[in-house]
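Please look through the sequence and the 3D structure below. The report that follows takes confidence, sheets, helices and backbone geometry in turn.

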Amino acid sequence: MKKIYTLLYILLLTSALYAQSDFNSWFVDKTLRMDYSVLCDAKSQEGAFSSFHESDSWGGEKFVVDKCDYYGDYYMQLSDALTDKILYTYSYSNLTGEWQSTEMATETKKVFRESVIMPMPKKKSVIKIYKQDSCDVYQLLLNKVFDPYEAKINYVNTKQYKTILQSNETEGTISFVILPEWYSENETEKFEKDAAKVAKWLSETEPYSNYKDKFNIYAVLPDGPTQLTRALPQTKMNFKFNTLNIERYIASFNIPQIYNNAQSVPFRHVIVLINTYDYGGSGFYNTYTCLCIDNEDCQSLFLHEFGHAFAGLGDEYEGNVTYKVKKSNCEPRYPNLTNLTNFSTKWEKDVDAGAPIPTPITRTDIEIGAYEGGGYSSKGIYRPSKNCRMRTKDASYYCKICHKIIEETLQKQTATKK
Ligand SMILES: [Zn+2]
């Protein structure tokens, strides 16, 4: 038996070393950020490169990532210029996609400032941004060559930070950065307490808690101004309420400004705390989570918004918003919503035995089915379970399907070998 364990140990060690050497042969341990802008309206969009930014250490996957899910409106792809080998890719969302589905976008054009992050490539590479056009068709929005020896790269000025949680592991870790918004320099102590509170939720809530030994959590400290009042908050990263004319929707259109602050530490996921008692937040897949931290519902709000930002989950509630989940013959891109046109690509195999599809809400013997109502619509869009953190703030759990999707994301991002 001991021999088997020894063999297993050697195999695991070899896999870890293989993944690390795979990473080391393509990347240096730094973060590269590419900023770009998008000019768009409801029907068209044009992308333009802005700038490159570098910082020490990379807080994401330490291996080549050559496949991504398509849960977001966009995906980025970094590939080797000589061989076309895909080195790093991820899917993501931001306000641009939502804004394009509003009435406003039918009347006017708007410029959005965006960023993508990646480990620093050692060799000449190509960075491509793709935008979902219709169904599973993505259009190339931007194509930029990056040569580490010739590109103009700005070094990010780092800010003071505090380490809240540091993993003992050297492989398969994932890094989160918590940023302050509407805090004055005098409120550093409050921010540290708020950030510790969020780190605790992340470390104690399933399924994240099963991976807490692999988490690094950092908090970048407020750096003024000191004359800030709650009545007149001064923004550092352009977060504002009433985004897309929805009162509780607080978000920022300026991603580069957020990432400029985040790059003080290695990071893969960004959490922004808004220093207010008001209720609101937002979460964009693989871009950022934001939440008002002094509201009594802030814990359930965080776990809901983080479900969007970390795992690409969609809203399972019905109701009026100014943006829409596209109604078409193709499945919504969110893994926890279906219109039943291609249910086998969603959670069909996890449905309870004997559950009718669609599943009547009156069936008390069924847990996982396809219940009508979700994605802001009461008709034509279906969710996996009667209730979930992604449906109401009163649910103290993720439904089984959302739980599973979050767990899969955690496994992927903390793997030591792809
Ligand atoms: Zn759910």
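## Confidence

In the protein chain, confidence is lowest in helix α1 (residues 2–26), at a mean of 59, and highest in strand β4 (residues 86–92), at 98. The score is pLDDT, the predictor's confidence in each residue, from 0 to 100. Helices (H or I, at least four residues) and strands (E, at least two) are DSSP runs, numbered from the N terminus.

This is a predicted model: local features need pLDDT of at least 70, side-chain atom pairs count only at pLDDT 80 or more, and totals for chains, interfaces and linings use all residues. Residues are numbered from 1 along each chain as its sequence is written.

The protein chain has a mean pLDDT of 90, and 90% of its residues reach 70 or more. Over residues 10–18 pLDDT stays under 50. For that stretch the model has six contacts beyond four places in sequence. A contact means that the C-beta atoms of two residues, placed from the backbone, lie within 7 Å. Where pLDDT is low, the predicted coordinates should not be read in detail.

## The mixed sheet

Strands of a sheet pair through backbone hydrogen bonds, either parallel or antiparallel. Here, two strands pair if DSSP finds at least two bridges between them.

One open sheet has four strands in the order β5-β1-β2-β8, and its pairing is mixed. β5 (110–121) and β8 (153–155) stand at the edges, each with a single partner strand, so one side of each is left without a neighbour in the sheet. From one strand to the next, the twist averages 30 degrees. Axes are lines fitted to C-alpha atoms, for helices over the stretch in contact, and angles run from 0 to 180 degrees between N-to-C directions.

A helix also packs on this sheet. Helix α5 (residues 255–262) touches β1 and β5, and its direction makes about 35 degrees with that of β5.

β1 and β2 are joined by a hairpin through four residues. In β2, Glu46 is the bridge partner of Leu39, and Glu54 stands opposite Leu32. β1 also pairs with β5. There, the bridge partner of Arg33 is Ile117 in β5.

## The antiparallel sheet and a hairpin

Another open sheet of four strands has the order β4-β3-β6-β7, with antiparallel pairing. Its edge strands are β4 and β7 (137–146), and each pairs on one side only. The twist averages 15 degrees from one strand to the next. Between β3 and β6, Tyr75 has Tyr130 in β6 as its bridge partner.

Further along the chain, β15 and β16 form a hairpin with two residues between them. Gly375 in the turn has a positive phi of about 55 degrees. Tyr371 has Arg383 in β16 as its bridge partner.

The table lists four antiparallel strand pairs.

| Strand | Partner strand | Bridges |
|---|---|---|
| β1 (residues 27–40) | β2 (residues 45–56) | 11 bridges |
| β1 | β5 | 12 bridges |
| β3 (residues 74–80) | β6 (residues 125–134) | seven bridges |
| β15 (residues 371–374) | β16 (residues 377–383) | three bridges |

## Two helices that cross

Two packed helices are described by the angle between their axes and the distance between the axes. The axes of helix α6 (residues 298–311) and helix α7 (residues 400–413) come within 10 Å and cross at roughly 45 degrees. α6 and α7 are therefore oblique to each other. Angles under 35 degrees count as roughly parallel, over 145 as roughly antiparallel, 65 to 115 as roughly perpendicular and the rest as oblique.

The crossing of α6 past α7 is left-handed. That term applies if the near helix is turned anticlockwise from the far one by less than a right angle, and right-handed applies if clockwise.

From α6, Gly307, Phe310 and Ala311 make the contact. From α7, Cys402, Ile405, Ile406 and Thr409 take part. By class, the contact of α6 with α7 has five nonpolar, two polar and no charged residues. Ala, Val, Leu, Ile, Met, Phe, Trp, Tyr, Cys and Pro count as nonpolar, Asp, Glu, Lys and Arg as charged, and the others, Gly among them, as polar.

## Backbone exceptions

Most residues other than glycine have a negative phi, and most peptide bonds are trans.

Which residues does a cis peptide bond with omega of about 0 degrees join? They are Glu206 and Pro207. Pro207 is in the loop between α4 (188–204) and β11 (215–220). A cis peptide bond also joins Ile357 and Pro358, with omega of about -5 degrees. Pro358 lies in the loop between α6 and β15.

Leu244 has a positive phi, near 50 degrees, in a residue other than glycine. Its place is in the loop between β11 and α5.
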